[in-house]
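Me: Please take a close look at one part of the model shown below, and describe its surroundings residue by residue. A connected account is preferred to a table.

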Amino acid sequence: MAVTTELLDCPAPAKLNLFLHVTGRRPDGYHLLQTAFRLLDWGDRLGFRLRADGRIRRVTEVPGVPPEDDLVVRAAHALRDWAGERRGVDILIDKHLPMGGGLGGGSSDAATTLLALNRLWGLHASRDALEALALPLGADVPFFVFGRSAFAEGVGERLTPLELPPRWYVVVAPGVSVPTAAIFGAKELTRNTKPIKIADFAMSATRNDLERVARARYPQIAAAIDWLGAIAPARMTGSGACLFSEFESERQARDVAGQCPAPWRAWAVRGLDRHPLFDWAG
Ligand SMILES: C[C@](O)(CO)[C@H](O)COP(=O)(O)OP(=O)(O)OC[C@H]1O[C@@H](n2ccc(N)nc2=O)[C@H](O)[C@@H]1O
Ligand SMILES: Nc1ncnc2c1ncn2[C@@H]1O[C@H](COP(=O)(O)OP(=O)(O)OP(=O)(O)O)[C@@H](O)[C@H]1O
């Protein structure tokens with residue numbers, strides 16, 4: 001029988017890939033990347049309630065994602081098996097991030113689950129241990145556990161902290177959902193960008209190598225990048241579909257977001273330096 005306890009309410013912030021270079025491909029088909037991750041002050045919210053009976057249940061419907069496939073459920077099982085924990089949890093999801101948006105919504109939900117259950121179950125797992133559990137769940141999940149702006153290499157799991165200036169972003173969702181695997185699998189994708197040094201990272205000297213493929217396949221993405229790009233330099237995040245521009249002030253960002261034509265959606269959001277649950281890993 002479930003025990004009624006307090007709900008632990010936790011944020012699952014979005015990320016942007018400020019740039020994304022594809023530098024190679026591993027024999028297993030996964031791609032070697034260089035990217036700069038930035039957390040955003042905007043995301044999903046998750047609720048966790050302890051269960052004494054050992055069951056792990058997602059108690060909210062997420063359209064298109066059966067509970068057994070949900071990364072939050074898979075993350076909870078991975079952590080419980082690793083720790084030998086006997087208690088369970090009910091998980092509520094309040095989705096705000098567009099799915100298949102390149103904002104890392106599912107990955108961030110999974111990382112928040114690892115961080116929250118580490119606390120709820122009193123496991124005291126180290127950040128390194130949580131990052132190791134995170135990687136099999138998805139290439140972006142270790143970054144959200146790492147919890148700071150980062151320069152990432154490998155498939156995204158080799159993370160170096162990156163100091164970034166305070167910035168605002170306009171994020172535009174062009175109303176399509178992009179399957180990451182199809183973009184990485186495209187024949188026309190270039191996979192030989194020369195590696196850069198972390199110290200050489202600058203927005204103007206980098207790009208998103210996945211953007212050309214996504215633009216060609218999704219005219220809505222091309223049209224939205226062209227609209228935003230006429231106002232400020234604009235770029236796709238991750239494998240799309242969302243795109244963004246960077247601004248120094250909230251006022252500029254809000255002004256541009258307010259001009260976004262329907263049916264596209266736009267948000268003005270602040271870049272974060274730290275994940276709000278940063279202290280929840282040892
Ligand atoms: C595009 C990014 O969001 C950039 O941060 C990530 O590289 C994708 O991370 P993710 O959504 O967590 O992706 P995963 O769930 O691990 O992988 C989805 C699929 O994308 C492809 N994939 C992903 C990451 C990577 N470095 N190389 C790949 O080729 C693989 O076909 C994989 O089956
Ligand atoms: N909790 C979850 N929230 C969203 N998607 C989930 C979740 N669990 C599993 N998924 C699956 O993951 C897929 C990708 O969703 P997500 O929103 O993370 O994409 P994304 O923002 O493009 O991610 P990335 O930037 O990491 O490529 C969804 O289409 C869905 O099938």
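Where is Pro263 found? After that, please turn to the part of interest: which residues does the UniProt annotation "active site" cover, and what is each of them in contact with, leaving aside neighbours within four places in sequence?

Reply: The model is predicted. Pro263 is found in the loop between α8 (250–258) and β10 (265–272). The peptide bond from Ala262 to Pro263 is cis, and its omega is near 10°. A cis peptide bond also joins Gly240 and Ala241, with omega about 10°; Ala241 is placed in the loop between β8 (235–236) and β9.

Now the part of interest. In an unreviewed entry, UniProt annotates Lys15 and Asp140 as "active site". They are spread over 126 residues of sequence but cluster in space, with a largest C-alpha distance of 9.4 Å.

Lys15 lies in strand β1 (residues 8–25). Its C-beta neighbours inside 10 Å number 27, and the cut-off for a buried residue is 20 or more, so Lys15 counts as buried. With neighbours within four places in sequence left aside, Lys15 is in contact with Phe37, Arg38, Leu39 and Leu40, with Leu103, Gly104 and Ser108, and with Phe143.

Asp140 is in the loop between α3 and α4 (141–146). Asp140 is buried too, because 28 other C-beta atoms lie within 10 Å. Leaving out neighbours within four places, its contacts are Gly104, Ser107 and Gly156. Gly104 therefore appears in the contacts of Lys15 as well as in those of Asp140.

Gly104 leads to a second annotation. The UniProt "binding site" (unreviewed entry) covers Pro98, Met99, Gly100, Gly101, Gly102, Leu103, Gly104, Gly105, Gly106, Ser107 and Ser108. Among the contacts of Lys15, this annotation includes Leu103, Gly104 and Ser108; among those of Asp140, it includes Gly104 and Ser107.

Two residues of the "binding site" annotation, Pro98 and Gly105, can be described further. Pro98 is found in the loop between β4 (88–94) and α2. It is partly exposed, with 19 other C-beta atoms within 10 Å. Apart from neighbours within four places in sequence, Pro98 is in contact with Leu103, Ala173 and Cys242. Gly105, by contrast, has its place in helix α2 and is buried, since 24 other C-beta atoms lie within 10 Å. The contacts of Gly105 beyond four places in sequence are Ala14, Asp44, Leu97 and Met99.

Helix α2 (residues 105–120) continues from there and packs against helix α3 (residues 127–134). The two axes come within 10 Å and cross at roughly 140°. That angle makes α2 oblique to α3, because roughly antiparallel would require an angle over 145 degrees. The crossing of α2 past α3 is right-handed. On the α2 side, the contact is made by Ala110, Ala111, Leu114 and Asn118; on the α3 side, by Leu130, Leu133 and Ala134. These residues divide into six nonpolar, one polar and no charged.

The loop between α2 and α3 contains His124. Phi of His124 is near 55°, a positive value in a residue other than glycine. His124 is exposed, with 11 other C-beta atoms within 10 Å, whereas Gly105 in α2 is buried.

As for the wider span, UniProt lists residues 71–148 as "domain: GHMP kinase N-terminal" (unreviewed entry). The span is 55% helix and 9% strand, and its end C-alpha atoms lie 21 Å apart.

One further residue, in strand β9 (residues 243–247), is Phe247. It is buried, as 20 other C-beta atoms lie within 10 Å, and 20 or more is what the cut-off asks for. The C-alpha atoms of Phe247 and Val170 are separated by 7.8 Å, although these residues are 77 apart along the chain. With neighbours within four places left aside, Val170 is one of the contacts of Phe247, along with Arg167, Trp168, Ala232, Gln252 and Ala253.

Conventions: Residues numbered from 1 in each chain as written. Chains lettered and ligands numbered in written order. Predicted model: local features only at pLDDT ≥ 70, side-chain atom pairs only at ≥ 80, totals over all residues. Axes fitted to C-alpha atoms, helices over the stretch in contact; angles between N-to-C directions. Helix = DSSP H or I, 4+ residues; strand = E, 2+ residues; numbered from the N terminus. Parallel < 35°, antiparallel > 145°, perpendicular 65-115°, else oblique. Left-handed = near helix turned anticlockwise from the far one by under 90°. Contact = placed C-beta atoms within 7 Å. Nonpolar A, V, L, I, M, F, W, Y, C, P; charged D, E, K, R; others polar. UniProt positions renumbered as here; feature names shortened; annotations may be inferred. Buried ≥ 20, exposed ≤ 12 C-beta atoms within 10 Å, placed from the backbone.
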